[in-house]
Amino acid sequence: MLPWKRVLRPLAALLLAVAAAVVPAATATADASGTAATSSGWNDYTCKPSAAHPRPVVLVHGTFGNSVDNWLGLAPYLTSRGYCVYSLDYGRLPGVPLFHGLGPIDKSAGQLSAFVDKVLAATGAAEADLVGHSQGGMMPRYYLKFLGGAAKVHSLVGIAPDNHGTDLNGLTNLLPYFPGAEDLLDAATPGLADQIAGSGFLTKLNAGGDTVPGVRYTVIATKYDEVVTPWRTQYLSGSDVRNVLLQDLCPLDLSEHLAIGLFDRIAFHEVANALDPAHATPTTCASALG
């Protein structure tokens, strides 16, 4: 039997190194409560939602992300448009700084629940809107479905969410051929194991339908996604769902999984449309300049 711990540990280190290379350097820090402390207007607990934007927006980072780095593009984009914006850290593993979203996803959903309660108490709002990237677009569905979140959330916008898991272009299908690999993945990084297509977590999440009544859902996907594959599995089914392909809005947009969440202003424009559909404007390639 191959020494899988010695094989997979360098792989994990490589993944962390790649994440560090592609995620912008942080311009803010997170405090002990998991809240990003910023100087750019987001996570401002004195912010009061306006009549134009009556609901606070909670940003939910993806796997290997955090409350700051994942949102250096979108958070200022939304605050400049008059939204009260907040972000949290979730799914932390002991001894792993900066790279979060690795803990069990059901536990992460509980952390999101507590954070939404904190934001609603601070702002006085009755409901919040959630915007998540990757795991952050899928994990809130557990909160909505099993933890009472549907009564506190108006809209969920998922940017490249792995709503039905991923096969990583078929790589996850190889796990059964490597004895012990799945067990090690479950033990070391349960948040990753939960996202594999067909996992017990996803089976429970999607049983009985993708959505819950009373919540508006938007999915923004890119056909160049190399992480959540096949990309069409990101879409949701339901009566109050809008599934959007980025390339239908702008055929020239080449954003893949990270770019669509980190800095794609065409995707950001569509997020703003989803948050305020009554005042939506067409999203086109020109939206990149907005």
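The chain has eleven helices and eight strands. This is a predicted model, so please hear everything that follows as computed from it.

Some overall figures to begin with. Of the 290 residues of the chain, 51% count as buried. The exposed area comes to about 12600 Å², and carbon and sulfur atoms supply 62% of that. If we take contacts between residues at least 6 apart in sequence, 75% join residues at least 24 apart.

Now the sheet. Six strands make up an open sheet, and reading across, the order is 4-3-5-6-7-8, with parallel pairing. Strand 4, residues 85-88, and strand 8, residues 241-245, are the edges, each pairing on one side only. From one strand to the next, the twist averages 15°. Strand 3, which covers residues 57-60, is joined to strand 5 by four bridges, and the two run parallel. One pairing to look at is V58, whose bridge partner in strand 5 is L130.

Helix 3 packs on this sheet, where it touches strand 3, strand 4 and strand 5. The direction of helix 3 makes about 150° with that of strand 4. Does the length of this helix agree or disagree with what its residue count predicts? Helix 3 has 19 residues, 105-123, and at 1.5 Å a residue it should span 27 Å; the end C-alpha atoms are 27 Å apart, so the two agree. Several residues of helix 3 are buried, among them I105, A109, L112, F115, V116, V119 and L120. Just after the helix comes G124, with a positive phi of about 80°.

That brings us to A128, in strand 5, residues 128-133. Is A128 buried or exposed? The cut-off for buried is under 20% relative accessible area, and A128 has 0%, so it is buried. What does A128 touch, leaving aside residues up to four places away in sequence? The contacts are R55, P56, V58, V116, L120, K152, V153, H154 and S155. Of those names, V116 and L120 also appear among the buried residues of helix 3. As for V58, it is 70 residues from A128 along the chain, yet their C-alpha atoms are separated by 7.0 Å.

Last, the disulfides. Searching the whole structure turns up two. Counting bonded cysteines along the chain, the pattern is 1-2, 3-4.

In one disulfide, C47 and C84 have their sulfur atoms 2.0 Å apart. The torsion about the S-S bond of C47 and C84 is about -80°, so this disulfide is left-handed. C47 sits in the loop between strand 2 and strand 3, and C84 in the loop between helix 2 and strand 4, so the pair ties together parts 37 residues apart in sequence. Both C47 and C84 are buried.

The other disulfide is formed by C250 and C285, again with sulfur atoms 2.0 Å apart. Here the torsion about the S-S bond is about 100°, so the disulfide is right-handed. C250 lies in the loop between helix 9 and helix 10, while C285 is in the segment after helix 11, so this pair ties together parts 35 residues apart in sequence. C250 counts as buried because its relative accessibility is 2%. C285, on the other hand, is partly exposed, with a relative accessible area of 29%.

That is where I will stop.

Technical notes:
Residues are numbered from 1 along each chain as its sequence is written. This is a predicted model: local features need pLDDT of at least 70, side-chain atom pairs count only at pLDDT 80 or more; totals for chains, interfaces and linings use all residues. Side-chain values use heavy atoms; hydrogens and water are left out. Buried means under 20% relative accessible area, exposed over 50%, partly exposed in between (1.4 Å probe, protein chains only). Contact means heavy atoms within 4.5 Å. The expected span of a helix is 1.5 Å times one less than its number of residues. Accessible areas come from the Shrake-Rupley method with a 1.4 Å probe; for residues, only the protein chains shown count as cover. Two strands pair if DSSP finds at least two bridges between them. Axes are lines fitted to C-alpha atoms, for helices over the stretch in contact, and angles run from 0 to 180 degrees between N-to-C directions. A disulfide is a pair of cysteine sulfur atoms within 2.5 Å.
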